Amino acid sequence: MSSRTRILGYGLLLICGAIVPFVIYPILAMKVLCFALFACAFNLLIGYTGLLSFGHAIFFGTAAYVSAYSIKVWGFSPELGILTSVAAAAVLGLGFGLLAIRCAGIYFAMITLALAQMMYFVFLQVPFTGGEDGLQGVPRRSLFGFIDLSDDMHLYYLVFAIFVFGFWLIHRVIQSPFGQILKAIRENESRVISLGYQAARYKLLAFVLSAALAGLAGGTKAVVFQFATLSDVHWQTSGEVVLMTLLGGLGTVFGPLIGAAIVVTLQNALADKVGALLPVIMGVIFIVCVLVFRRGIAGEFTAFCQSKLAERRADANHRKSHGLSCKGHGASGEGVSAKEANP
Amino acid sequence: MTTLFEVPLSALMGQLMLGLVNGSFYAILSLGLAVIFGMLRIINFAHGAFFMMGAFFSWMSLNYFGISYWWSLLLVPLAVGVIGVVIERSFLQWLYKLDHLYGLLLTFGLALIIEGIFRNEYGVSGQPYAVPDALKGAMNLGFMYLPVYRGWVIVASLAVCFLTWFMVERTRLGSYLRAATENPALTQAFGINVPVMVMLTYGFGVALASFAGVLAAPVLQVSPMMGSQLIIVVFAVVVIGGMGSILGAIITGLSLGVIEGLAKLFYPEVSATIVFIIMAIVLLFRPAGLFGRAE
């Protein structure tokens, strides 16, 4: 994506984000934003580091529990509660990351899933999570002591600010030298190691960062919905975030946001109509994405734009070649090669 | 009453048997996962769904068509195997050239679809499946009462595991299979039809899962969610054992079942998590698994 289209995209995003609560129900918009941040965090791992964490809901859900508990029982303010939950998710991410990065590829996915399932049982059994009922009735209180969050509009702009912060942070990470090394690990880990980088440390840091951001999303979600339940830490939530990212486009900047918006809206619209068939629809989307649509919506869109651009360039070259017949050969050759580079 | 570690011996034996029963299921399922992974390089997330399908098909054939348990034991794996072959031909065969992760994602989607369909039809509550007449009751072994059906599950599972091991390690077909796992291109060059072998391997793997499902129907409640709970534990079992050897999968599966059973007796709080805790410990010391080779 060229920098101009990206700036255009960010501008559009900010404007859309600011007017959204006037158009659609703010709670739904907040849910989309929380899951979008969660998917962006997940995308940092799968899309840019090539690690498929199949238990990412555990960081989201743990943060939701910590934020709900600290606000409800310890009387923390919302900002402190969310910060505590981010710290908890990061610590858990450090522990799980240390274990999981010892294996790569498919094993990594199985290990993260198994570790997440272990924590699921822990949350099912320990008394402070309220077992099957979860933690209900978390008060919203007020931000920094003076912004009343019981107003949905106030809360929306807080959630939007958190989302923009998370989105910006991930963007900065990807653009940084650190992000370049992550991408290099995704492409060819042994070469990165042979260049003298300690790939394991980079992977671990990416894992912790992703866990912390997933925690930011989860902690915020608990404030929005005023509860944290077992479904936040269930493997189905992990599956949902995989689906959102896959549908939007793995390794794309806006993909997770698009995917989260579609999946959450779909769930909201269909939940009372199809009931138990909802997972079937999710499963079908999964299969269609994997078989015919691996670049996802954002990835396909970028590829489409690039091929259009290449075509236009080829056209321009073609026209030029008619004017300057002696240079024609080389110019049209360039057009073809640009097209081949982006099939 | 005889006691051991302050626990009545009969209770200890009972938990051991139950652990062996669960361990048998772990063994068959992780065996199937390993065989499929060897050939297809795909982690079959839908394995739990096929296990559930086996249990459900056997319940349905008894209740709708009056097909007895013994016929189910034969027919259900065949039917599920055919479904597996169809799935391999229509979906999985397009993934072999891609990153292995796509196989996991696609089979996860499959699992969601299969479970969703059964949940939509039958709800989340379990359906009871009666133990067949010939296997009812319990045997008095002197120191304990052994429920006959549990004994049968263990014997049948071990027999199936042994047959699979024998087929893969000791027969000509098995040697083709191992050759194709090692180097598919070269095996094909020797005139062996590798794509057909891959197809049959997937069918065989899911047939194994459904066989375990039929065995499990009278022990566990037949419910749409019975597979997904099991499959994550089986993933942990696979990580502990390593994907390298068939014998390794069988031994790991059985012993983890026993450990889980003992945990229920001595320290029930960790019984649900013990397998995962063991997995974490194994990862610390042998990341490739107990029987695995580092790749």
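Me: Among contacts in chain A between residues at least 6 apart in sequence, what share joins residues at least 24 apart, and what makes two residues a contact?

Reply: In chain A, 74% of the contacts between residues at least 6 apart in sequence join residues at least 24 apart, where a contact means that the C-beta atoms of two residues, placed from the backbone, lie within 7 Å. For chain B the corresponding share is 77%. This is a predicted model, in which local features need pLDDT of at least 70 and side-chain atom pairs count only at pLDDT 80 or more, while totals for chains, interfaces and linings use all residues. Residues are numbered from 1 along each chain as its sequence is written, and chains are lettered from A and ligands numbered from 1 in the order in which they are written.

Me: How do you know which parts of chain A the predictor is confident about?

Reply: The guide is pLDDT, the predictor's confidence in each residue on a scale from 0 to 100; chain A averages 86, and 93% of its residues score at least 70. Over residues 325-343 of chain A, however, the pLDDT is below 50, although this stretch has 24 contacts in the model beyond near neighbours in sequence. Where pLDDT is low, the predicted coordinates should not be read in detail.

Me: How do you know whether the radius of gyration of each chain agrees with that of a compact globule?

Reply: The radius is taken over C-alpha atoms and set against a globule rule of 2.2 Å times the number of residues to the power 0.38. For the 343 residues of chain A the rule gives a value near 20 Å and the model has 22 Å, so the two agree; for the 295 residues of chain B the rule gives a value near 19 Å and the model has 19 Å, which again agrees. Along the principal axes, the C-alpha trace of chain A spans about 80 × 50 × 40 Å, and the C-alpha atoms of chain B fill a box of roughly 65 × 50 × 35 Å.

Me: What makes a stretch a helix or a strand, and how many are there in each chain?

Reply: Both are DSSP runs numbered from the N terminus, with H or I over at least four residues for a helix and E over at least two for a strand. On that basis chain A has 14 helices and two strands, and chain B has 11 helices and four strands.

Me: Why is A:His56 called buried or exposed?

Reply: A residue is buried if 20 or more other C-beta atoms, placed from the backbone, lie within 10 Å of its own, exposed if 12 or fewer do, and partly exposed in between. A:His56 has 30 such atoms and is therefore buried, even though its place is in the loop between helix H2 (26-46) and helix H3 (57-72) of chain A. Leaving aside neighbours within four places in sequence, A:His56 is in contact with A:Phe42, A:Ala214, A:Ser238 and A:Val241.

Me: Why is B:Arg41 called partly exposed, and what is said of its phi?

Reply: B:Arg41 has 18 C-beta neighbours inside 10 Å, so this residue counts as partly exposed. B:Arg41 lies in the loop between helix H1 (9-40) and helix H2 (47-65) of chain B, and has a positive phi of about 55° although it is not a glycine.

Me: What does chain A bring to its contact with chain B, and why is a residue there called nonpolar?

Reply: The contact takes 33 residues from chain A and 32 residues from chain B. Helix H5 (105-125), helix H10 (235-248) and helix H12 (278-292) of chain A each supply at least two residues of the side that touches chain B, and H5(A) gives the most, with 14 residues. By class, that side of chain A has 27 nonpolar, five polar and one charged residues, where Ala, Val, Leu, Ile, Met, Phe, Trp, Tyr, Cys and Pro count as nonpolar, Asp, Glu, Lys and Arg as charged, and the others, Gly among them, as polar.

Me: What makes a set of residues a nonpolar core, and which residues have the most contacts inside the largest one?

Reply: Such a core is a set of buried Ala, Val, Leu, Ile, Met, Phe, Trp, Tyr and Cys residues joined through C-beta atoms within 7 Å. The largest has 203 residues, and those with the most contacts inside it are A:Leu37, A:Phe38, A:Met110, A:Ala114, A:Phe286 and B:Ala236. Not counting residues up to four places away in sequence, B:Ala236 touches A:Ala114, B:Val275, B:Phe276 and B:Met279.
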